[in-house]
Amino acid sequence: MTVQYEVSPDEYAEACRGDIPNRDWASAAAMFMVALALAMIGIGIFSAGDEQAIVPALLLGLGAVVLIATAVWAVTFGTVVLKLQFSRKIKSGYREHYQGKSLVFSFDGNGWSTKPLPDQESVAWPSLTAATDYENVLLLHAENHAVLLPKRVLSPESLRALKRFAFGEFRSPVKLRVGFRDFLITEIRSLWRRKRSAMSILHWGGIVIAATITVWATEKPGALGYILALSLLSVTVSAQFCYFAVSYFTQRKRRHAVWELECSDRGAHARTATSEHFSSWSMFLKYEETPSAFLLYSGPDRYYILPRQGLVPEQQEGLRRALQLKLQVQ
């Protein structure tokens with residue numbers, strides 16, 4: 001099967017949509033929490049009544065204001081600026097790679113090729129590293145090749161055949177959904193493992209400062225010191241939960257989607273209600289098994305959460321065997 005086509009700007013933009021900057025509400029919430037902690041420490045120092053403590057207290061207050069301003073900027077004008085920059089980047093990429101260029105795509109049961117390319121030899125299907133099925137385009141990746149193919153140039157029969165060669169066929173997929181509890185436990189555990197020293201210093205620092213404010217409160221009348229100490233301790237402990245909770249609930253389409261997964265000799269094949277994706281095993285580094293999920297790593301600190309919840313023991317064992325066969329255990 002051979003087709004000739006030109007990629008439109010909208011089709012190129014659709015293939016790039018996964019990289020569009022979005023408002024990072026989770027980071028903004030974390031900055032608000034840190035600003036609140038700084039403000040409380042500043043209030044505690046200022047309330048001690050020591051004239052020499054006024055300057056440090058004001059500096060802490062200024063730091064809190066800067067953090068709040070940064071958080072507000074990031075989710076408002078900062079996001080708009082990033083999207084405008086990304087839009088210009090997309091237009092530049094389209095002009096460089098596709099504008100005014102006529103491409104020829106060929107495929108059969110053995111592989112695919114695109115012309116013009118520096119290396120015009122056919123790429124065998126086992127060499128495919130990733131494939132993504134969007135609403136209007138297909139994106140195929142090999143080690144040194146990438147093809148963006150509009151679906152409009154293919155007949156329904158040809159499209160089904162191409163997807164069968166590229167993605168494979170679902171035979172007995174498992175249905176997965178990352179619940180809030182699984183997400184929270186997995187992400188916090190991973191954060192502490194990756195940033196153990198920093199997290200320990202931050203938490204012990206918050207505890208020490210809260211204890212210091214408590215000691216000061218015993219020498220002063222009123223409940224202000226105790227309230228500040230308890231609030232600071234609460235912020236110290238809950239900041240990590242707040243960050244990941246906001247991340248989960250502000251990315252509903254990504255976090256809450258029910259998806260299907262099947263592992264084959266070639267790689268992992270996933271499908272949601274709106275998209276389909278294939279990744280060869282060469283795209284993953286390792287996997288890890290936790291009490292609540294399997295973690296499939298695509299980078300040192302990047303992973304997909306495959307929750308155990310909803311999987312019967314036989315499905316869990318089948319998934320474990322497939323991962324053990326192809327990947328290194330963390």
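User: Why are helix 6 and helix 8 called oblique to each other?

Analyst: In this predicted model, the axes of helix 6 (residues 180-194) and helix 8 (residues 224-249) cross at roughly 130°. Angles over 145 degrees count as roughly antiparallel and 65 to 115 as roughly perpendicular, with the rest oblique apart from those under 35. The pair falls in neither band, so helix 6 and helix 8 are oblique. Their axes come within 10 Å, and the crossing is right-handed.

User: Which residues in helix 6 and helix 8 meet?

Analyst: From helix 6 you have Phe180, Phe183, Leu184, Glu187, Ile188, Leu191 and Trp192. Helix 8 answers with Gln240, Phe241, Phe244, Ala245, Ser247, Tyr248 and Phe249. Sorted by class, the contact of helix 6 with helix 8 holds 11 nonpolar, two polar and one charged residues.

User: What makes helix 2 and helix 3 roughly antiparallel?

Analyst: Look at the angle again. Helix 2 (residues 25-47) and helix 3 (residues 54-75) have axes that cross at roughly 165°. The cut-off for roughly antiparallel is over 145 degrees, so helix 2 and helix 3 get that label. Their axes come within 8 Å, and this crossing is left-handed.

User: What is the contact of helix 2 with helix 3 made of, by class?

Analyst: There are 20 nonpolar, three polar and no charged residues in it. On the helix 2 side, the residues include Trp25, Met31, Phe32, Leu38 and Ile45. Among those on the helix 3 side are Ile54, Leu60, Leu67, Ile68 and Val75.

User: And why are helix 3 and helix 4 described as oblique?

Analyst: They pack at an angle of about 40°. Only angles under 35 degrees count as roughly parallel, and roughly perpendicular starts at 65, so helix 3 and helix 4 come out as oblique. The axes are 3 Å apart. Trp73, Ala74 and Val75 of helix 3 make the contact with Phe77, Gly78, Thr79 and Val81 of helix 4. That contact divides into five nonpolar, two polar and no charged residues.

User: How do you know that Thr132 is buried?

Analyst: Its relative accessibility is 13%. Buried means under 20%, so Thr132 qualifies. Thr132 lies in strand 5. Leaving out residues up to four places away in sequence, Thr132 touches Val137, Leu138, Leu139, Phe167, Glu276 and His277. One of these partners, Phe167, is 35 residues away in sequence, with 8.6 Å between the C-alpha atoms.

User: What makes Glu135 count as exposed?

Analyst: Glu135 has 60% relative accessibility, and exposed means over 50%. Glu135 therefore counts as exposed. You'll find Glu135 in the loop between strand 5 (130-133) and strand 6. Glu135 does touch Glu14 and Lys151, not counting residues up to four places away in sequence. Its C-alpha is 45 Å from that of Ser200, which sits 65 residues away in sequence.

User: Why is Lys326 called partly exposed?

Analyst: The value here is a relative accessible area of 34%. Buried needs under 20% and exposed needs over 50%, so Lys326 ends up as partly exposed. Lys326 is in helix 10 (residues 313-326). Setting aside neighbours within four places in sequence, Lys326 contacts Ser264, Asp265 and Trp281. Lys286 is 40 residues from Lys326 in sequence, and their C-alpha atoms are 8.7 Å apart.

User: Which residues touch the most other members of the largest nonpolar core?

Analyst: Phe105, Trp112 and Leu140, out of 34 residues in that core. Several elements supply at least two residues each, including strand 1 (2-5), helix 1 (9-15), helix 4 (77-97) and strand 6 (137-141). Helix 5 gives the largest share, five residues. Apart from this core lies another of 15 residues, among them Ala268, Phe284, Tyr287 and Phe294.

User: What is Trp112 in contact with, leaving aside its neighbours within four places in sequence?

Analyst: Its contacts include Phe105 and Leu140, both named with Trp112 as touching the most other core members. Also among the contacts of Trp112 are Phe107, Val123, Trp125, Leu128 and Val147, as well as Ser106, Ser122 and His145.

Notes:
Residues numbered from 1 in each chain as written. Predicted model: local features only at pLDDT ≥ 70, side-chain atom pairs only at ≥ 80, totals over all residues. Heavy atoms only, no water. Axes fitted to C-alpha atoms, helices over the stretch in contact; angles between N-to-C directions. Helix = DSSP H or I, 4+ residues; strand = E, 2+ residues; numbered from the N terminus. Left-handed = near helix turned anticlockwise from the far one by under 90°. Contact = heavy atoms within 4.5 Å. Nonpolar A, V, L, I, M, F, W, Y, C, P; charged D, E, K, R; others polar. Core = buried A, V, L, I, M, F, W, Y, C linked by side-chain atoms within 4.5 Å. Buried < 20%, exposed > 50% of the residue type's maximum accessible area, 1.4 Å probe, protein only.
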